[in-house]
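Take a look at the model below. We will go through it in short steps, from a nucleic acid strand to the protein chains around it.

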Protein chains: 4
Amino acid sequence: MKKNKPKYKQIIDAAVVVIAQHGYHQAQVSKIAKQAGVADGTIYLYFKNKEDILISLFEEKMQLFIENISDFIEGDYSPSEKLLKMIENHFKILSSDHNLAVVTQLELRQTNKDLRLKINSVLKEYLTLVDKIIREGMETGEFDPELDVRLVRQMIFGTVDETVTTWVMNEGKYNLVSLAAPVHHLIINGCGRKKAV
Amino acid sequence: MKKNKPKYKQIIDAAVVVIAQHGYHQAQVSKIAKQAGVADGTIYLYFKNKEDILISLFEEKMQLFIENISDFIEGDYSPSEKLLKMIENHFKILSSDHNLAVVTQLELRQTNKDLRLKINSVLKEYLTLVDKIIREGMETGEFDPELDVRLVRQMIFGTVDETVTTWVMNEGKYNLVSLAAPVHHLIINGCGRKKAV
Amino acid sequence: MKKNKPKYKQIIDAAVVVIAQHGYHQAQVSKIAKQAGVADGTIYLYFKNKEDILISLFEEKMQLFIENISDFIEGDYSPSEKLLKMIENHFKILSSDHNLAVVTQLELRQTNKDLRLKINSVLKEYLTLVDKIIREGMETGEFDPELDVRLVRQMIFGTVDETVTTWVMNEGKYNLVSLAAPVHHLIINGCGRKKAV
Amino acid sequence: MKKNKPKYKQIIDAAVVVIAQHGYHQAQVSKIAKQAGVADGTIYLYFKNKEDILISLFEEKMQLFIENISDFIEGDYSPSEKLLKMIENHFKILSSDHNLAVVTQLELRQTNKDLRLKINSVLKEYLTLVDKIIREGMETGEFDPELDVRLVRQMIFGTVDETVTTWVMNEGKYNLVSLAAPVHHLIINGCGRKKAV
DNA sequence: CATGAATGAGGATTCATTCAT
DNA sequence: GATGAATGAATCCTCATTCAT
């Protein structure tokens with residue numbers, strides 16, 4: 001399995017650094033090879049082509065998101081709590097690796113439609129976990145049972161993603177993790193005034 | 001004023017068609033010229049360069065969004081109603097011009113960072129209107145007065161944008177406009193169960 | 001006769017200014033037209049094409065050189081004196097019109113071989129006058145009767161031309177006209193030490 | 001060192017052939033690559049850009065001129081003899097490589113001012129050698145000690161250059177090398193009649 | 001396994017010239 | 001005579017990928 005050889009991860013990490021520093025369109029294979037400390041040709045012993053580097057990069061990093069939340073997704077937390085932990089996890093990971101945040105929020109979106117569709121299919125596993133939480137919430141009655149799951153998932157992911165992107169575009173000038181609670185609150189309660197109970 | 005000459009809009013419309021059909025990276029100037037029924041060189045009588053076509057395209061189309069909502073943004077509707085109308089307008093425009101939807105949601109995002117920053121500054125006018133509605137809602141008491149305006153704007157825009165993108169990626173297989181009401185409901189109330197009044 | 005209409009000279013003078021200021025490769029027809037205060041198309045009522053402007057420019061200006069020396073070329077001066085006057089005239093004209101000097105010494109040499117051959121044939125009339133002086137000098141015995149006329153002409157023109165070009169390249173920082181006498185002296189006596197008489 | 005790899009000289013020689021045959025403006029990079037028997041892209045492994053090919057060409061060939069004369073420039077010849085050998089060398093090199101003569105005398109002068117300035121700075125080393133001979137002649141008393149060195153250098157170079165250019169324009173119809181002695185004679189003695197000794 | 005020299009397809013832009021008004 | 005909007009041909013360079021060593 002190539003994925004376990006040291007050069008595999010070495011090249012992916014080099015790709016993150018190069019793309020973050022030089023931008024997607026200036027991230028030539030030769031630059032990535034140099035950063036990884038291997039020859040250009042070596043890249044092709046581990047990846048089919050350049051596109052394959054990017055998809056693999058996304059797969060690898062997506063594991064970070066999923067591994068962390070798998071722990072508590074089956075745990076004894078309420079759906080709302082799970083959602084909060086998920087958002088916190090999302091913000092923490094990207095907050096702690098600014099290069100990765102730049103790559104996923106800005107640079108990797110400059111790819112063509114085909115590549116983006118492939119990236120989206122990698123994303124699906126993550127989104128499925130969101131769906132699971134939503135359904136659980138609807139079943140326990142914590143969430144509105146009339147919800148359209150896909151729409152809610154889009155609201156959650158759209159809000160989270162837009163929040164991170166804006167943060168990256170502002171060059172991380174404010175604390176992203178501290179936005180997890182208010183974002184979660186917005187998602188659960190909307191922007192309407194809470195009715196007196 | 002070049003913008004009022006017929007060929008200006010003719011070229012922009014050609015660009016939308018060509019980019020939607022062939023993708024951003026296959027949208028050569030010569031292809032756009034052919035689609036517009038003009039010579040390659042004529043493009044450069046109306047636009048500084050290829051990038052200028054794209055920015056102008058975005059400016060021109062963004063006017064559609066803004067013009068329509070300017071009518072009622074000052075009207076006697078409640079903030080929540082204004083928000084609903086805004087979302088409906090957003091969905092209607094992109095629903096009725098599938099090419100445009102493909103271009104704005106998928107193709108135009110593949111551009112380099114410089115171009116995207118310029119596009120974002122065009123977008124700002126639209127986002128300012130959203131902010132206005134949010135602030136009005138907070139003042140009238142219809143919205144939670146404790147809201148972080150930027151965060152709410154990100155939730156609204158992120159949700160709307162993600163909804164449209166998913167719809168485009170599903171090739172418009174379902175009715176987008178009919179999602180305006182549930183999306184609006186989610187934004188106002190969140191996914192939490194409505195408390196008994 | 002087009003050459004006598006005011007716009008003919010107007011366009012040629014505009015060409016000299018534009019070429020001197022912007023360089024040969026940035027001297028577009030439209031720029032020359034603008035400088036001349038006419039429309040692009042008007043140029044083509046007076047000149048066959050762009051090349052024709054340049055040849056005509058050279059013809060017109062070459063007249064300046066020839067007219068002035070025609071006066072004394074038939075006069076009672078010795079061949080050596082005629083040569084000195086010719087060099088002085090050459091230096092004076094280019095000294096007094098820096099734009100013209102830049103155009104003839106630097107810019108017009110960037111043209112293709114064909115155009116340069118045409119320019120050379122315009123130059124011929126001028127060079128014939130040089131030949132005439134040389135032959136006269138050989139006949140009167142003032143010049144070495146064994147000379148190869150073509151070679152001498154090349155020495156004279158080569159030396160004069162190189163002197164002007166160097167002066168232009170040094171941006172006219174020193175007085176060109178005052179070099180006429182020493183250049184003339186070099187041409188007549190060479191660089192060898194004058195033998196004691 | 002790229003300059004010592006075989007393809008470096010291979011490409012330069014191809015450039016000389018292509019420029020001589022097709023003219024500067026028709027010497028496309030792809031044509032040069034084809035003539036050199038390499039791919040277009042290979043050119044750019046050895047040269048920064050097209051301009052760099054031309055400057056390198058000039059540098060490379062200028063070495064021919066300088067190497068040959070370095071041998072005797074320090075030798076026991078009189079300054080006048082050195083000058084003669086230099087002119088002979090100059091004529092021999094260009095006489096034996098007609099393509100090169102066309103390129104240096106006609107085609108390479110069509111380049112823009114920037115490139116010409118760079119070419120001129122390459123030429124400087126050669127002109128410095130001329131200056132050296134002149135100064136030596138003035139010191140030994142073989143040349144007029146009152147000479148303006150720059151002016152004499154301009155006479156020498158202007159005469160030599162004009163002689164070669166005329167020869168090239170006449171398509172090499174006569175023997176250039178045999179003109180070395182008379183040109184040298186003219187430079188040393190001028191065209192004036194030698195005074196009886 | 002690893003290398004890196006070589007490959008070659010592909011596109012935005014300029015500007016001399018035309019011609020309907 | 002004069003205009004100027006429209007034309008369209010023509011080229012340098014980059015970079016993902018290969019393959020002989």
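Start with DNA strand E, which has 30 residues around it. Those that come nearest are K5(A), T42(A), Q28(B), T42(D) and Y46(D). Here a residue is near a strand if one of its heavy atoms lies within 4 Å of it. This is a predicted model, in which local features need pLDDT of at least 70 and side-chain atom pairs count only at pLDDT 80 or more, while totals for chains, interfaces and linings use all residues. Residues are numbered from 1 along each chain as its sequence is written, chains are lettered from A and ligands numbered from 1 in the order in which they are written, and side-chain values use heavy atoms, with hydrogens and water left out.

Which part of the DNA strand E atoms within 4 Å of the protein belongs to sugar or phosphate? The share is 75%, and the rest belong to bases. Some polar contacts (pairs of N or O atoms within 3.5 Å) show this backbone side. A polar backbone atom of A39(A) is 3.0 Å from a phosphate oxygen of DNA strand E. For K50(C), a polar backbone atom is 2.9 Å from a phosphate oxygen of the strand. K50(B) uses a polar side-chain atom instead, 2.8 Å from a phosphate oxygen.

Now turn to the protein surface near DNA strand E. It has 12 nonpolar, 11 polar and seven charged residues. In this grouping, Ala, Val, Leu, Ile, Met, Phe, Trp, Tyr, Cys and Pro are nonpolar, Asp, Glu, Lys and Arg are charged, and the others, Gly among them, are polar. Helix α3 (40–46) supplies at least two residues in each of chains A, B and D. The largest share, five residues, comes from α3(D). Helices are DSSP runs (H or I, at least four residues), and strands are E runs of at least two, numbered from the N terminus.

Chain A also carries a record. An unreviewed UniProt entry annotates its residues 5–65 as "domain: HTH tetR-type"; such annotations may be inferred rather than shown by experiment. That span is 79% helix and 0% strand, and its end C-alpha atoms lie 22 Å apart.

Side chains of opposite charge can pair when their charged atoms come close. A salt bridge puts a side-chain nitrogen of Lys or Arg within 4 Å of a carboxyl oxygen of Asp or Glu. Over all chains, the count is 30. One of them joins D13(A) to K61(A), with the closest N and O atoms 3.4 Å apart. D13(A) lies in α1 (residues 6–22) and K61(A) in α4 (residues 50–73), so the pair ties together parts 48 residues apart in sequence.

Terms used
A polar contact is a pair of N or O atoms within 3.5 Å; within protein, one must be able to donate a hydrogen and the other to accept it, and residues adjacent in sequence count only if both atoms are side-chain atoms.
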